[in-house]
Amino acid sequence: MTYQSIAISDDLSTLPQLPGWVTSVRAETLETVAFRSGAALTVLDQLIGDERYGVPVKLLANRLALSAATVTSKLEGRLAREADIRDAYHLTLPGEARGPDGELLAFWREGVRLRGGRTGEIADFVGAEFAGEVGVWLDVGLERARTHGPLAGCVAVLRAVLETDDRAERVACLLSDIVLARALNWTVVLPVSAQRLTKTVLRDLAAGEQGAELALQIRILETIEETVRLARDLARRAEALRSVAPKLRAKGSSAAVDLFLTEDAVAPASILSPRIRGTNIPMTDRAARRLCDRLVELGVARELTGRPTFRLYGIAP
């Protein structure tokens with residue numbers, strides 16, 4: 001049977017967006033960065049905080065986690081590709097070792113759930129080496145955010161961590177994201193701090209180089225603005241997926257659709273089969289593959305790897 005492809009709407013007019021007069025302001029000083037970031041964070045807060053806009057927030061966080069893992073791999077000198085990191089995580093069977101690339105993505109995916117955690121929980125997560133410093137670092141960032149704005153708080157905690165250990169890039173970036181989430185009272189951590197960072201920028205910050213804070217704030221600002229655009233895009237993709245869900249007749253298709261709205265990559269053989277993850281609903285390997293292929297035919301998902309086997313599917317760009 002053939003299925004008519006669903007056209008994903010380009011109409012984003014009902015979603016909060018960045019006004020042109022904001023993005024036209026050049027980010028040349030800390031004051032202009034504060035102005036633009038205030039506008040961008042307000043829009044992002046609306047998108048992820050109001051369910052009426054339909055943004056799949058868990059999917060957004062997981063997509064950003066993959067990008068953050070790719071950047072921090074480069075910062076740590078491993079240079080793994082995004083596709084390799086995604087494969088290492090999503091194609092490793094439960095109980096098997098993911099390897100360093102898969103563990104790096106696991107770090108970011110688990111880190112996004114720490115917003116509501118106590119400081120002790122965060123300290124346990126980052127490890128014994130830094131456990132005694134985590135509370136101090138977070139307090140430094142939150143105080144700076146209170147007096148100088150959220151991005152200044154992000155930079156403050158990045159600097160505090162890197163002054164202690166200039167190789168602790170992933171910890172520094174995660175704590176920066178936690179400071180941002182707490183400062184804005186978000187219920188989820190969005191990994192935005194790492195996305196555009198380089199070793200040179202972080203080295204300049206730790207060394208106290210002139211202009212380093214501005215350069216870093218600009219990079220985080222640009223990521224936040226890009227995250228607004230990504231959130232809006234995922235909202236329309238999610239709407240298209242939800243619209244075809246009633247047409248899917250396979251047993252468990254509703255639960256499978258829910259996974260596509262939270263996971264940036266779905267492996268039919270492990271996430272959907274032999275049971276749909278998070279449920280007791282059985283699904284054969286063949287049925288799982290057919291369901292994924294059907295979603296591709298309908299135009300609401302795509303195959304991510306280009307391979308004939310060990311395929312992954314998702315709706316995220």
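This is a chat about the overall build of a predicted model and the packing around three of its helices.

Biologist: Morning! What helices and strands does the protein have?
Modeller: Hi! The protein has 14 helices and two strands. Keep in mind that this is a predicted model.

Biologist: Sure. And how compact is the protein for its 317 residues?
Modeller: Its radius of gyration is 20 Å, close to the 20 Å from the globule rule for 317 residues, so the protein is as compact as a globular protein of that length.

Biologist: What does the C-alpha trace span along its principal axes?
Modeller: About 65 × 45 × 30 Å.

Biologist: How much of the protein counts as buried?
Modeller: 51% of the 317 residues do.

Biologist: And what about contacts between residues at least 6 apart in sequence?
Modeller: Of those, 64% join residues at least 24 apart.

Biologist: Let's switch to helix packing. How do helix 4 and helix 5 cross?
Modeller: Their axes come within 7 Å, with a crossing angle of roughly 80°. An angle of 65 to 115 degrees counts as roughly perpendicular, and helix 4 and helix 5 are therefore roughly perpendicular to each other.

Biologist: Nice. Which residues meet there?
Modeller: From helix 4, Ile85, Arg86, Ala88, Tyr89 and His90; from helix 5, Asp101, Gly102, Leu105, Ala106 and Arg109. By class, this contact has five nonpolar, two polar and three charged residues.

Biologist: I noticed His90 in that list. Is His90 buried or exposed?
Modeller: His90 counts as buried, because its relative accessibility is 5% and the cut-off for buried is under 20%. His90 is found in helix 4, which covers residues 82-90.

Biologist: What does His90 touch, leaving out residues up to four places away in sequence?
Modeller: Arg109, Glu263, Asp264, Ala265, Ala267, Ser270, Ile271 and Leu312. Arg109 is also one of the helix 5 residues that meet helix 4.

Biologist: Back to helix 5, then. How does helix 5 lie against helix 9?
Modeller: The axes of helix 5 (residues 99-111) and helix 9 (residues 169-183) come within 11 Å and cross at roughly 20°. That makes the two helices roughly parallel, since angles under 35 degrees count that way.

Biologist: And is that crossing left-handed or right-handed?
Modeller: Right-handed: that is how helix 5 passes helix 9.

Biologist: Which side chains should I look at in the viewer?
Modeller: In helix 5, Leu104, Phe107, Trp108 and Gly111 meet helix 9 residues Arg170, Val171, Cys173, Leu174 and Asp177. The residues of this contact divide into six nonpolar, one polar and two charged.

Biologist: Great, thanks!

Technical notes:
Residues are numbered from 1 along each chain as its sequence is written. This is a predicted model: local features need pLDDT of at least 70, side-chain atom pairs count only at pLDDT 80 or more; totals for chains, interfaces and linings use all residues. Side-chain values use heavy atoms; hydrogens and water are left out. Axes are lines fitted to C-alpha atoms, for helices over the stretch in contact, and angles run from 0 to 180 degrees between N-to-C directions. Helices (H or I, at least four residues) and strands (E, at least two) are DSSP runs, numbered from the N terminus. Angles under 35 degrees count as roughly parallel, over 145 as roughly antiparallel, 65 to 115 as roughly perpendicular and the rest as oblique. A crossing is left-handed if the near helix is turned anticlockwise from the far one by less than a right angle, and right-handed if clockwise. Contact means heavy atoms within 4.5 Å. Ala, Val, Leu, Ile, Met, Phe, Trp, Tyr, Cys and Pro count as nonpolar, Asp, Glu, Lys and Arg as charged, and the others, Gly among them, as polar. Buried means under 20% relative accessible area, exposed over 50%, partly exposed in between (1.4 Å probe, protein chains only). The radius of gyration is taken over C-alpha atoms; the globule rule is 2.2 Å times the number of residues to the power 0.38.
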